[in-house]
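Got your viewer open and a selection box ready? Let's walk through this one stop at a time.

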Amino acid sequence: MRIRSAFTALALTTAALVAPGFGVLTSSTDAYAVTKISHATATSMFRAAGITWSSSGGCSDRNVSTCTSFEQLNLATAQGAQTLKSASACALNITGGTETGHASGTYSHWNGYKLDFGKSTCLTSYIKNHFTYIGLRGDGAPQYKAASGNVYADEGNHWDVTFYNCGGC
């Protein structure tokens, strides 16, 4: 009986340590199971929020780098874009989604965490005036962090945004 009690306690402790929102293994950058959405669902959400998107290739095929795809986008990423649109009141145009051709990594475009937004005076002013400058990324891009933990990197001709969450949706 003591062995079973010990195993039960161990199992409960382990579950508490790795469960989202609990224990020592949680932070704004820990990866958890996320809700993925289709390209059609994402475009519907963006259209409803007044967010536009464009593609240098005029396509949405996830496997073509000149397309702009939202296939397998995280729901929280789409909601984060909606939050940004609402909070900033800026026109937003998405120029990069989950298509191939971006840098790899856990919090990558391919894995649904990132969107690229075309540069505008409105968006740049909003980011620089509302978020905290956190220094240069490894590639030299200046980064700004929102209170939500989402990170905005100025890549010259666009903003590369990592959405760890929906930004307060």
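Here is a tour that goes from the whole chain to its salt bridges and then to a pair of packed helices.

**Stop 1: the whole chain.** Keep in mind that you're looking at a predicted model. Show the cartoon: the protein chain has 4 helices and 9 strands. Trace it along the sequence and the elements come in the pattern α-β-α-β-β-α-β-β-α-β-β-β-β. Switch on the surface next; the chain exposes about 8,900 Å², with carbon and sulfur atoms supplying 57% of that. Of the 169 residues, 37% are buried. As for contacts between residues at least 6 apart in sequence, 55% of them join residues at least 24 apart.

**Stop 2: D160 and K114.** Now for the charged side chains: there are 5 salt bridges to find. Select D160 and K114, whose closest N and O atoms are 2.7 Å apart in a salt bridge. What does this pair tie together? D160 sits in strand β9 (residues 158–162) and K114 in strand β5 (residues 114–118), so the bridge links parts that are 46 residues apart in sequence. Buried or exposed? Both D160 and K114 are buried.

**Stop 3: K119 and D154.** Move on to K119, which forms a salt bridge with D154, with 2.9 Å between the closest N and O atoms. K119 is in the loop between β5 and α4, while D154 belongs to strand β8 (residues 151–154), so here the parts tied together are 35 residues apart in sequence. The two ends have their own surroundings: K119 is partly exposed, at a relative accessible area of 34%, whereas D154 is buried, at 14%.

**Stop 4: the network.** Select R137 and D139 and you'll see their side chains meet in a salt bridge, 2.7 Å from N to O. D139 is exposed, with a relative accessible area of 54%. Now add K114, E155 and D160 to the selection: together with R137 and D139 they're linked in a network of salt bridges.

**Stop 5: α3 against α4.** Hide the sticks and pick out helix α3 (residues 75–88) and α4 (121–130). Their axes are 11 Å apart and the helices pack at an angle of about 95°, which makes α3 and α4 roughly perpendicular to each other. Which residues make the contact? Bring up L84, A87 and S88 on α3, then C122, L123 and Y126 on α4. Color them by class and you get 5 nonpolar residues, 1 polar and no charged ones.

Notes: Residues numbered from 1 in each chain as written. Predicted model: local features only at pLDDT ≥ 70, side-chain atom pairs only at ≥ 80, totals over all residues. Heavy atoms only, no water. Salt bridge = Lys/Arg side-chain N within 4 Å of Asp/Glu carboxyl O. Helix = DSSP H or I, 4+ residues; strand = E, 2+ residues; numbered from the N terminus. Buried < 20%, exposed > 50% of the residue type's maximum accessible area, 1.4 Å probe, protein only. Axes fitted to C-alpha atoms, helices over the stretch in contact; angles between N-to-C directions. Parallel < 35°, antiparallel > 145°, perpendicular 65-115°, else oblique. Contact = heavy atoms within 4.5 Å. Nonpolar A, V, L, I, M, F, W, Y, C, P; charged D, E, K, R; others polar. Areas by Shrake-Rupley, 256 points an atom, 1.4 Å probe, with all protein chains shown as cover.
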